[in-house]
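Let's take a walk through this protein together. Have the sequence and the 3D view handy as you read.

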Amino acid sequence: MKGKGGAVDRRSSARWRVLVLCTFCFGLGMLFTDRFWTAPDTSNHIMSQRRRQDQELQLVSEDCNTKRKHGEDKDIMGEVTKTHEAIQLLDKSISTLQMELAAKRSTLERLRSSGSPVTSESSQPRKKAFVVIGVNTAFSSRKRRDSVRESWMPQGEKLQQLEEQKGIVIRFTIGHSATSNSILDKAIDSEDAQHHDFLRLDHVEGYHELSAKTKIFFSTAVGIWDADFYVKVDDDVHVNLGMLATTLARHKSKPRTYIGCMKSGPVLADKNVKYHEPEYWKFGEEGNKYFRHATGQIYAISKDLATYISINQPILHKYANEDVSLGSWFIGLEVNHIDERNMCCGTPPDCEWKGQAGNVCVASFDWSCSGICKSVERIKDVHARCGEGDSAVWSVLI
């Protein structure tokens with residue numbers, strides 16, 4: 001029994017030793033693992049933090065460089081724009097000086113050829129203005145003129161103030177009758193004495209002489225006013241003077257400017273139609289269209305182009321349609337054609353909707369009538385619904 005009991009004690013003692021040894025080994029393993037894996041984790045964490053910081057610094061640096069590059073590009077574009085504007089202004093100044101010099105020479109030559117003495121009065125300084133607006137009218141259009149005066153055209157002192165303070169000159173343009181000092185001429189004299197708003201032209205009135213009248217208007221206006229722009233408008237068209245001045249001011253620095261609603265209608269060879277073109281054969285095959293030109297209801301030209309017309313009027317060809325004639329005079333010249341659609345709005349509701357949307361029209365008329373249909377009765381309504389407000393023109397920056 002003793003022998004068996006001793007053997008059992010030895011086996012139990014051996015098991016305990018194995019258990020203690022296993023526990024010791026497990027603890028030693030845990031200690032080994034903590035020592036050797038904690039340090040690498042910390043090192044990797046520090047390295048990843050450094051890499052992230054380096055990336056952030058690189059992104060910030062790239063962002064700064066990008067902003068600096070964009071700023072430099074913006075500065076360069078600004079300088080290019082300023083240079084372009086300066087070149088345009090210089091080009092216009094040179095063009096204007098050349099035209100004025102040519103005009104002076106032309107005037108002196110005409111005076112010498114006619115035998116008239118060249119006096120100081122012949123070279124008196126012209127009146128400065130921003131724009132001269134010639135409202136084309138006829139002897140039979142008294143009611144139209146009154147409707148214009150009662151709507152968009154200022155009267156009396158306001159007309160004079162507009163000229164003096166804003167440089168906007170407005171005159172009804174009319175020539176004389178075929179009979180000297182006729183009752184028609186006397187009626188215009190009487191009306192002018194009342195309103196002081198006419199520009200009398202050395203021209204015999206007639207519907208088929210509109211091309212000649214246009215030439216004479218520009219030549220006469222250039223001789224009296226030194227303006228940046230000259231505008232022709234019909235007496236059955238509604239005009240917002242403030243929007244007109246604002247539109248012209250945008251193109252003030254450009255040389256040789258021709259502004260209006262540009263079109264290219266068909267050349268009409270049929271003698272029985274209203275706008276028949278007797279010289280249709282000059283435009284090529286039947287069915288061809290005219291070159292691009294501004295519609296005749298309203299258009300504007302810059303000083304240098306008006307001066308060009310004044311100098312060359314004896315040799316400028318007149319086509320049957322006045323707007324075609326004007327466009328033809330600029331063919332072959334370095335002219336800026338500005339297609340301004342706000343100068344040919346329709347009557348209400350068209351111009352009214354555009355005004356409500358913030359796009360106030362420069363001029364309104366009906367295409368079907370080449371002016372406002374029944375303008376004497378309707379122009380006041382057009383003014384009430386499409387007008388910019390009587391104070392608008394006084395706040396325009398020119």
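What follows goes from confidence to strands, then to a helix, a single residue and the empty spaces.

First, some ground rules: you're looking at a predicted model, where local features need pLDDT of at least 70 and side-chain atom pairs count only at pLDDT 80 or more, while totals for chains, interfaces and linings use all residues. Residues are numbered from 1 along each chain as its sequence is written, and side-chain values use heavy atoms, with hydrogens and water left out.

How confident is the predictor? The score to know is pLDDT, its confidence in each residue on a scale from 0 to 100. The protein averages 84, and 71% of the residues score at least 70. Over residues 34-42, though, the pLDDT is below 50, and beyond near neighbours in sequence this stretch has one contact in the model (contact means heavy atoms within 4.5 Å). Residues 118-122 also stay under 50, and the model gives them five contacts beyond four places in sequence.

Now for the strands. Helices (H or I, at least four residues) and strands (E, at least two) are DSSP runs, numbered from the N terminus, and two strands pair if DSSP finds at least two bridges between them. Start at strand E1, residues 127-136. On one hand, E1 pairs with strand E4 (residues 225-234) in the parallel sense over nine bridges, and there Ile-133 has Val-231 in E4 as its bridge partner. On the other hand, six bridges join E1 to E2, again running parallel; here Gly-134 is matched with Arg-171 in E2. Eight of the 10 residues of E1 are buried, so this strand is largely enclosed by the rest of the structure. Buried means under 20% relative accessible area, exposed over 50%, and partly exposed in between (1.4 Å probe, protein chains only).

Move on to E2 (residues 168-176), which pairs with strand E3 (residues 198-204) in the parallel sense over four bridges. One of the matches puts Ile-174 opposite Arg-200 in E3. To get from E2 to E3, the chain passes through helix H4 (residues 183-195), and this β-α-β crossover is right-handed: with the strands pointing away from you, the path from the first strand over the helix to the second runs clockwise.

Next, have a look at helix H8. Eight of its eight residues are buried, so H8 is largely enclosed by the rest of the structure. Among them are Glu-322, Asp-323 and Trp-329. The buried residues of H8 pack against H5, E4, strand E6 (257-263), E7 and helix H7 (303-312).

For a single residue, try Ser-364, found in strand E9 (residues 363-364). Ser-364 is buried, with a relative accessible area of 2%. Its contacts, not counting residues up to four places away in sequence, include Val-237, His-238, Cys-345 and Cys-351.

Finally, the empty spaces. On a 1 Å grid over the protein atoms alone, a cavity is a set of points where a 1.4 Å probe fits but cannot get out, while a pocket is an open set with protein on both sides within 12 Å along at least five of seven lines; lining residues have an atom within 4 Å of a point. The largest pocket holds about 1,000 Å³ of space. Its lining counts 38 residues, with Tyr-207, Leu-210, Lys-274, Tyr-275 and Ser-370 nearest the centre. E7 gives the most to that lining, with four residues. The largest cavity has about 80 Å³ of space, and H5 gives the most to its lining, with four residues.

Terms used
pLDDT is the predictor's confidence in each residue, from 0 to 100. Grid points are joined across faces, edges and corners, and a volume is the space filled by probe spheres set on the points.
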